[in-house]
Amino acid sequence: MRRRDFVRVTSAGMMGAFFPSFHHSLVPSLLIPMDDSQSDHLKAYGLAYRVIDAGLKAEWLLNYQGGAFLLPDAESIRRDAALSGVRADPVDGGRVTAIRGEIEANNMDAVPLEKAPKVAVYAPPNAAPWDDAVTMALQYAGIPFTKIWDPEVVSGGLKDFDWLHLHHEDFTGQYSKFFLIYSGMPWLADMVQRNADTARRLGFATVPDLKKAVARGIHDYVANGGFLFAMCTATETIDLALAAHGVDIAATFADGTPMDPQADAKLDWSQTFAFTGAHLEPNPLVATFSDIDGHQVNAGPRRQPLGAFKLFNFSAKIDPVPTMLVQDHRQVIPDFYGLTTSFVRARLKPGVTVLADEEGAPWVKYVHGDLGKGTWTFFGGHDPEDPQHQIGDPPTDLSLHPHSPGYRLILNNVLFPAAKKRELKT
Amino acid sequence: MVMAAPAFGQAIGQGFELERGGRYADAAAVYLTTLRSDPANLPALLGLERVLPILSRLPELLPLVQRARAAVPENGTLRALELRVYAQMNEPDSLEAAARRWAAVAPRSDAPYREWALALADRRMFDDARRVLLLGRRTLGGGTTVLAIESAELEQRVENWEGAAREWGHVVALAADMIPQASSQLSDTPAPQRARVVAALSPPDAAPRTQRLAAELLLGWGQAAEGWRLFEQSLGAPSAETATALRRFADLAGAVATPAGHRVRGLALARWADLVPSPLAERARAEAVRELLDGGDRAGARAALERLAADSLAPADAKAMAEAALLEVLIADGQLDAAERRLAAAGVALGGDDRAGLRLQLARARVTRGELDRAAKLLSGDSSVAALAEQGWIALYRGDLRGATEAFRAAGPYAGERAAATERTAMLALVQQVPADSLPALGAALLTLARGDSAGAVTALRRVAANLEPGGGRSDVLLLAGQLAARLGGAPNEATAIAVFDEIVRAGGSGAAPPAAELEWARVLVRQGRAAEAVQRLEHLILSYPGSAFIPEARRDLERARGVIPKS
């Protein structure tokens, strides 16, 4: 499966006309509520994924009970729900009809989920499963994924996947600018060695050159119909790497030459996903990359305190994609730091859809857009349940956060590529 | 109308604000404007030092600094700034020339060498920085103590912890008040290098203060006993410094929450008590006794107690504390008759709470010897909830299930520590499943357990269960036997546990025992590395007993067995 186009329907009830689903017959179903009555929100996504992965049909009821799922009623699914601790309410045909009536009359929609996306996570081979929020969420929900890294991307391996996640990779090739701050730490030495070896093996002169090629590979993957979801510093640095084609933006420690003093002026923002007009951080000792990030967590006096971000409301019937991405049982969510925590509004390209922002602040948290035949979503911050995440912190145990509204946003992204293509009405 | 020019302070403040906001070029303009009217304005020069490198305009700073330095040649801060600018511009020759010029005008100052070395170190030119510090040492002629702090910090920066320790050793040998700083700096030594750091600070000819530094480090790294050994060796004749060092060591040991930490704190306090006047000494000795007991050093505690008992000047509260501690020692040593006599004789010398607590301890000690009547007699006049709870246990061990139930209910859920209350509640739940007022065999089996014979208790409990009806507490008694066997560990015990859990699960029923047994069973399987079988058990539990209170725990264990959540 490649990306299915999310072409917007212009009136309510279109879906039923084009895609009669199993639910329209009066067979019993299982309703997976996603409001406060759900006993494990995160595992509910895994349950829905496994249902469609088994070739069964499911529906995502946008804005209905917090973004509920409607699944066929089968013994195996009940068993899975019971083992996962997911609340699943049996509903008969009459109740399903009533639900559909409610959806019809309100800002809600029912989106068919038809095929489980093949998920890839871009991470070094030695990365622990607990290194990033998405792998933790996938593991916890029980959604299978494949780890890939630079060799796979450079050799075109991305074409085998529908959905790609990036987390804290520094695509500028500067090892998150920890090189000087964490000098001598074994984990950093390993990271440097591993990247340098890979660059050499793949025929690149420097690690920054390798990462630019990888960024370009990911860009082309999206342009050809892939789904990209990035968090933390991968959001900012992939755009910087794409804009810096042919420009040296890496400090001496990364490639042996200093950053081009005129780099700012030479950046080509037409090549990027989300950002434009940013200024690079020239100081190699400051672990921040540019003025894209609003919070500047490692930039001393420029560091901003954490607030809370608010999810936008979209029209479910007209804008199903952003609606899917913001399905949650909470509208306002406490913010959390990452190397890149947020995105300064003034640095966003025109046409980027803002999914969440902090009211009154000059930054946004969660953005989405199209590129070619594909789509991308950027979510700032490192771990929604570890707001001050520090290197060396213990991993987050998601069984203690089964209702995490921040992690739900991640899982919305995993599931939305499963949604069925719609035809344009006109 | 012409606006008045802002005062210097206001103008430079504006520069700071711009800098904070990331507007470096604008901030630089403000600083440059300030310098035009006040060429030696230090905040403006330092501001430019911060912002010009970001703007790739550092060379602009040099002439400004040189002009300021020429205007105020005796200003060390400006001299240091000049060195840093040369270093940042990667001009080591000019840096050296400037530093030597400064040294020439201040021949007895270590500042030129310190700032020169720091400027080089900031450029990661660590070997050159080390050479400069040695040059300063030679030139100033003060031996290893000159520029020792700077040398220590430099070695630490290059991860040469052993070298840093040696330098700090030079520093503290001269100045005892530098030990806290040295200790704080060296406390970050990575674990693999700690032994070498300690060795560097404690050669045979080490100065006592240097040894003391090593002792503090060991203490901070959790090696309390080793630290104390080294510290004790460093103690010389009684002096104010010795007393201060002992007090500090005792305070530091207070942060080490291990038995060894308590013991070392007790030893240090006891030694300190010898050096300070009354009543400070007696109070310290009493506290030392408590710490030594907490550290399991009963011999040491006794020695301290004897000193205290012989001290006619000791205040009443210290004596009471000592008496209570002595009784605890006697009970722990098994001298129950002596303890009972002493407790009776102590009378009002002990506080009411202390007396009650000691009586309870004595009663428990009697119970563990199987002397139930003597234990009951000790508590006969006590109506506190703690005593009621203990009376419940005594009734239970006698097989008096009804009496035990009534006493546990009367004691309520809050007597004693939380673990004791939980244990009592669990036992109450078990007893209530048995439809009899008296069952001496069960009491005897539980007494076997209370006396520390877990293996014997497993056998006895299984025997009791065999005589109970399936709905009459059989599964609950078996569950306790299985749990004990599982806790004992080892292949034969775990096999027994699994057989018992299997029997409970097969018997089924609506009580709490079957899901509890299945959960314990799965945990044994996980411990044995049989995760797949554990997963089967846990899935069976979750699906078979959806209303059980064990379900959340079972789900969590299931995730762990599947490797889905991190081990905590």
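**Exercise 1. A helix in chain A**

Task: In this predicted model, find which residues of H2(A) are buried, and compare the expected span of the helix with its end-to-end distance.

Solution. Start with the list: His41(A), Leu42(A), Lys43(A), Ala44(A), Tyr45(A), Gly46(A), Leu47(A), Ala48(A), Tyr49(A), Arg50(A), Val51(A) and Ile52(A) are buried. That makes 12 of the 13 residues of H2(A), so the helix is largely enclosed by the rest of the structure.

Next, take the length. Helix H2 of chain A covers residues 41-53, and at 1.5 Å a residue its 13 residues should span 18 Å. The expected span uses one less than the number of residues. The end C-alpha atoms lie 19 Å apart, which agrees.

Finally, look just past the helix: Gly55(A) has a positive phi of about 90°.

**Exercise 2. Two positive phi angles outside glycine**

Task: Asn63(A) has a positive phi although it is not a glycine, and so does Ser56(B). Where does Asn63(A) lie, where does Ser56(B) lie, and is each one buried or exposed?

Solution. Take Asn63(A) first. Its phi is about 65°, and it sits in the loop between strand S2 (58-62) and strand S3 (68-72) of chain A. With 20 other C-beta atoms within 10 Å, Asn63(A) is buried, because the cut-off for buried is 20 or more.

Now turn to Ser56(B). Its phi is about 55°, and its loop runs between helix H3 (42-51) and helix H4 (61-71) of chain B. Ser56(B) has 12 C-beta neighbours inside 10 Å and therefore counts as exposed, the limit being 12 or fewer.

**Exercise 3. From a loop into helix H4 of chain B**

Task: Place Leu62(B) in its element, work out how exposed Leu62(B) is, and find which residues it contacts beyond four places in sequence.

Solution. Leu62(B) belongs to helix H4 of chain B. It has 17 other C-beta atoms within 10 Å, so it is partly exposed. Leaving aside neighbours within four places in sequence, Leu62(B) is in contact with Val85(B) and Met89(B). For a distance to check on screen, the C-alpha atoms of Leu62(B) and Leu81(B) are separated by 9.4 Å, with their positions 19 residues apart along the chain.

**Exercise 4. The buried side of H14(B)**

Task: Which residues of helix H14 of chain B are buried, and which helices do they pack against?

Solution. In H14(B), residues 224-234, the buried ones are Ala224(B), Gly227(B), Trp228(B), Leu230(B), Phe231(B) and Ser234(B). These cover an arc of only 170° around the axis, which puts them on the same side of H14(B). The spacing has a simple background: an α-helix has 3.6 residues a turn, so residues three or four places apart point the same way.

As for partners, the buried residues of H14(B) pack against helix H13 (208-220), helix H15 (240-253) and H16 of chain B. H16 (259-273) also borders a loop worth visiting: Pro279(B) lies between H16 and helix H17 (280-294). The peptide bond from Ser278(B) to Pro279(B) is cis, with omega near 0°.

**Exercise 5. Cores**

Task: How many residues does the largest nonpolar core have, and which helix gives the most to it?

Solution. The largest nonpolar core has 171 residues, and those with the most contacts inside it are Ala117(B), Val289(B), Leu461(B), Val477(B) and Ala481(B). Helix H19 of chain B, residues 316-332, gives the most, with 9 residues.

Follow one member outward: beyond four places in sequence, Val289(B) is in contact with Ala301(B), Ala304(B), Leu305(B), Ala322(B) and Ala325(B). A second, separate core has 125 residues, among them Leu30(A), Phe229(A), Val364(A) and Tyr407(A).

**Exercise 6. The two chains together**

Task: Describe each chain in outline, then the side of chain A that touches chain B.

Solution. Chain A has 13 helices and 15 strands, and 52% of its 426 residues are buried. Chain B has 32 helices and 0 strands, with 43% of its 568 residues buried.

At the meeting point, 18 residues of chain A contact 16 residues of chain B. On the side of chain A, helix H3 (75-84) and helix H5 (133-141) each supply at least two residues. The largest share, 3 residues, comes from H3(A). By type, that side divides into 9 nonpolar, 5 polar and 4 charged residues.

Technical notes
Residues numbered from 1 in each chain as written. Chains lettered and ligands numbered in written order. Predicted model: local features only at pLDDT ≥ 70, side-chain atom pairs only at ≥ 80, totals over all residues. Helix = DSSP H or I, 4+ residues; strand = E, 2+ residues; numbered from the N terminus. Contact = placed C-beta atoms within 7 Å. Nonpolar A, V, L, I, M, F, W, Y, C, P; charged D, E, K, R; others polar. Core = buried A, V, L, I, M, F, W, Y, C linked by C-beta atoms within 7 Å. Arc of directions from axis to C-beta.
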